Amino acid sequence: MPSIITSLQALSVAAIVALAALPAQAQQEFPFGLEMTLEAAPQPGSKRLPSLEIGDNGEVRLELWCKGGKGQFSVAGNTVIFVPGPLEQRDCPPPRAALDDALVAALSEVATWTRQGDIVTLQGAQPLRFRINTN
């Protein structure tokens, strides 16, 4: 009888270990070294969508609806901080420039992030969904 109890205990321990590992597997790594595109509709008269190219150390190259610039992501666990750098003042129509400024402000308010496959959601006052470019 002791071998049955020992086997059940071993199975219980194995099940607990497996369940404890699930959250770690579900939370994928932050997309350092990758480029991702905002899931949004293009603006009238343009096919361009905002994208972030994130370097291995969190440095970011932003290409927005019209403007471009740099910034920095700092990540610890599921917490994220985005610090924008200066934006290039391109010849942007005022509505697109305002959208770019609003997107940079929303990125600056991001506090947490999640990733499911190729979708990265940055959570702040306004959630922002990005798709990792896999091509």
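Tutor: Let's start with a term we need at once: a polar contact is a pair of N or O atoms within 3.5 Å; within protein, one must be able to donate a hydrogen and the other to accept it, and residues adjacent in sequence count only if both atoms are side-chain atoms. This is a predicted model in which local features need pLDDT of at least 70 and side-chain atom pairs count only at pLDDT 80 or more, while totals for chains, interfaces and linings use all residues. Residues are numbered from 1 along each chain as its sequence is written, and side-chain values use heavy atoms, leaving out hydrogens and water.

Student: What does the side chain of aspartate 100 reach?

Tutor: The side chain of aspartate 100 reaches the backbone nitrogen of tryptophan 65 at 2.8 Å. That value lies within the 3.5 Å limit, so the distance fits a polar contact. Aspartate 100 itself sits in helix α2; helices (H or I, at least four residues) and strands (E, at least two) are DSSP runs, numbered from the N terminus.

Student: How do you know that aspartate 100 has no salt bridge?

Tutor: A salt bridge needs a side-chain nitrogen of Lys or Arg within 4 Å of a carboxyl oxygen of Asp or Glu. Lys and Arg count as positive and Asp and Glu as negative, with His and the chain ends not counted. For aspartate 100, the nearest side chain of opposite charge is lysine 67, 5.8 Å away, so the 4 Å limit is not met. Aspartate 100 is nevertheless buried. Beyond its neighbours within four places in sequence, aspartate 100 is in contact (heavy atoms within 4.5 Å) with Leu64, Trp65, Cys66 and Lys67.

Student: What makes cysteine 66 and cysteine 92 a disulfide?

Tutor: The sulfur atoms of cysteine 66 and cysteine 92 are 2.1 Å apart, and a disulfide is a pair of cysteine sulfur atoms within 2.5 Å, so the pair qualifies. A search of the whole structure finds 1 disulfide. The angle about its S-S bond is -100 degrees, and the link is left-handed.

Student: Which parts does the pair of cysteine 66 and cysteine 92 tie together?

Tutor: Cysteine 66 is in the loop between β3 (59-63) and β4 (68-76), and cysteine 92 is in the loop between β5 (79-88) and α2 (94-108), so parts 26 residues apart in sequence are tied together. Their C-alpha atoms are separated by 5.8 Å. Setting aside neighbours within four places in sequence, cysteine 92 touches Cys66, Lys67 and Ala97.

Student: Why is cysteine 92 called buried?

Tutor: Buried means under 20% relative accessible area, exposed over 50%, and partly exposed in between (1.4 Å probe, protein chains only). Cysteine 92 has 15%, so it counts as buried. Glutamate 29, at 66%, counts as exposed, and threonine 79, at 38%, as partly exposed.

Student: What is glutamate 29 in contact with, leaving aside its neighbours within four places in sequence?

Tutor: Glutamate 29 contacts Trp113 and Arg115. Its C-alpha atom is 7.5 Å from that of arginine 115, although the two are 86 residues apart along the chain.

Student: Now the rings! Why is the pair of phenylalanine 30 and phenylalanine 32 called tilted?

Tutor: The whole structure has 4 aromatic pairs. In the pair of phenylalanine 30 and phenylalanine 32, the ring centres are 4.9 Å apart and the planes stand at 55 degrees, so the pair is tilted. The rule is that rings of Phe, Tyr and Trp (its six-membered ring) pair if their centres lie within 6.5 Å, with planes under 30 degrees apart stacked, over 60 edge-to-face and the rest tilted. Phenylalanine 30 is buried at 6%, whereas phenylalanine 32 is partly exposed at 33%.

Student: What makes the pair of phenylalanine 30 and tryptophan 113 edge-to-face?

Tutor: The planes of phenylalanine 30 and tryptophan 113 are 85 degrees apart, with 5.1 Å from centre to centre. Phenylalanine 30 lies in the loop between α1 (2-26) and β1 (35-38) and tryptophan 113 in strand β6 (residues 112-116), so the pair ties together parts 83 residues apart in sequence. Both residues are buried, and they belong to one aromatic cluster with Phe32, Phe73 and Phe82.

Student: And what pattern does the protein follow along the sequence?

Tutor: The pattern is α-β-β-β-β-β-α-β-β-β, which comes to 2 helices and 8 strands. Of the 135 residues, 31% are buried.
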